[in-house]
Structure formats: C-alpha cells, structure tokens
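Here are a few exercises to work through with the model open beside you. Try each task before you read its solution.

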Amino acid sequence: MNRSRASFARFVEQRLGRSAGPATPRSMFARPFGAPTLRMFWYYWNPVYGYVLRYFCYAPLRRVFGPSISLLLTFAASGFLLHDAVLFLVLRLSGVSARFFPVVTVGFVIVAIVILVSERAGVTLRSLSPACRCMVHACVLLGAFATSLLFAAWVTAVT
C-alpha cells in the first residue's frame, strides 16, 4: 500500500480527469457507471468524499483490521456520518420527529458486502458493454437501498 497521501487536487484529477472548468457529466457519471468492477464504481464516484474516506478512514482502519473489514467499516462510516446523521440532524432541526433508522448506512454496508463477494468470486464487468455496466451498477445501488428500506420497514413494524 502506498503510504504517501496524494494532494486533494491530484486525487480529484485522477478520478475525474483533467478539465478546464467544472467537472463534466462524463467524468461525474459515465466513469463510475461504466466502471469495470463494483469497487471501481466507488473509486470514481464522489472524489471529495472519496479523499476523506480513503485517507482518514480506510487507510487507518486497514492498518488495524485489514482490507475487507476496513472496507465494510468505511462504507458504514460514510453511510452514517456523511449521510444518515446529516439527514437526522436536518430533520430534527426542521421539527420533524420521526423514528430514526440508518437506511443509508445499511444500504452502504450491503454494497460493501456485494463488492467483497464479487471480488472473491472474480466477477468483473469488463466484457459487458457500457450500457450493461451502467445497468449492473444501478441495480446494485437500487437493490441495496431497496433491501435497506425493506429492512427498516420490518424493524419499524416489529418494534
């Protein structure tokens, strides 16, 4: 593992490519959705969060837990700290009092599990067309979050 940290600008450039202005739709969507593996989708997706998560969450965790557990914990941290907690605070500050269930956190953990299982099984999307790759990535995302929402509904119903 490379121990040196890339600058933020270099990190974003590696993921989005060089551009004279703001990121283009191609770099923001085509690269991730056309990625040849499920892990590569997340490599290209949202480089701002990616930078913080890679160097301040995944890298320190990997030194202690190894790559697989670190990936799961990083996805869980992203779901909870960068998504669910923010949504919870916004809802609370808006006066909405609803039961809290970490839907994004559970969805991200499911995505991490799918990534790890697909890598273990040697699954790659390289032989698929870009349109098919896009469909696979979308199905993984939608499937993970649909499962998380169903799980949240079940937990809410039984408690």
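A cavity here is a set of grid points where a 1.4 Å probe fits but cannot get out, and its lining residues have an atom within 4 Å of a point. Keep in mind that this is a predicted model.

**Exercise 1.** Work out how far to trust the model, overall and by element.

*Solution.* Start with the whole protein: the mean pLDDT is 88, and 90% of the residues score at least 70. Then go element by element: helix α1 (residues 8–16) has the lowest mean, 71, while α6 has the highest, 97. Where pLDDT is low, don't read the predicted coordinates in detail.

**Exercise 2.** Find the largest cavity and describe its lining.

*Solution.* First, search the whole structure: 1 cavity of 30 Å³ or more turns up. The largest cavity has a volume of about 50 Å³. Next, list its lining: Leu38, Phe41, Trp42, Val111, Ile115, His137, Val140 and Leu141. Now map these onto elements: α3 (38–44), α6 and α7 (130–158) each give two or more residues. Last, sort by chemistry: 7 are nonpolar, 1 is polar and none is charged.

**Exercise 3.** Decide whether Thr105 is buried or exposed, and look at what surrounds this residue.

*Solution.* Locate Thr105 in helix α6, which spans residues 103–120. Its relative accessibility is 13%, so Thr105 counts as buried; the cut-off is under 20%. Leaving out residues up to four places away in sequence, Thr105 touches Ala76, Gly79, Phe80 and Asp84. Finally, check for a polar contact: the Thr105 side chain reaches the backbone oxygen of Gly79 at 3.4 Å, and the limit is 3.5 Å.

Key: Residues are numbered from 1 along each chain as its sequence is written. This is a predicted model: local features need pLDDT of at least 70, side-chain atom pairs count only at pLDDT 80 or more; totals for chains, interfaces and linings use all residues. Side-chain values use heavy atoms; hydrogens and water are left out. Helices (H or I, at least four residues) and strands (E, at least two) are DSSP runs, numbered from the N terminus. Buried means under 20% relative accessible area, exposed over 50%, partly exposed in between (1.4 Å probe, protein chains only). A polar contact is a pair of N or O atoms within 3.5 Å; within protein, one must be able to donate a hydrogen and the other to accept it, and residues adjacent in sequence count only if both atoms are side-chain atoms. Contact means heavy atoms within 4.5 Å. On a 1 Å grid over the protein atoms alone, a cavity is a set of points where a 1.4 Å probe fits but cannot get out, and a pocket is an open set with protein on both sides within 12 Å along at least five of seven lines; lining residues have an atom within 4 Å of a point. Grid points are joined across faces, edges and corners, and a volume is the space filled by probe spheres set on the points. Ala, Val, Leu, Ile, Met, Phe, Trp, Tyr, Cys and Pro count as nonpolar, Asp, Glu, Lys and Arg as charged, and the others, Gly among them, as polar. pLDDT is the predictor's confidence in each residue, from 0 to 100.
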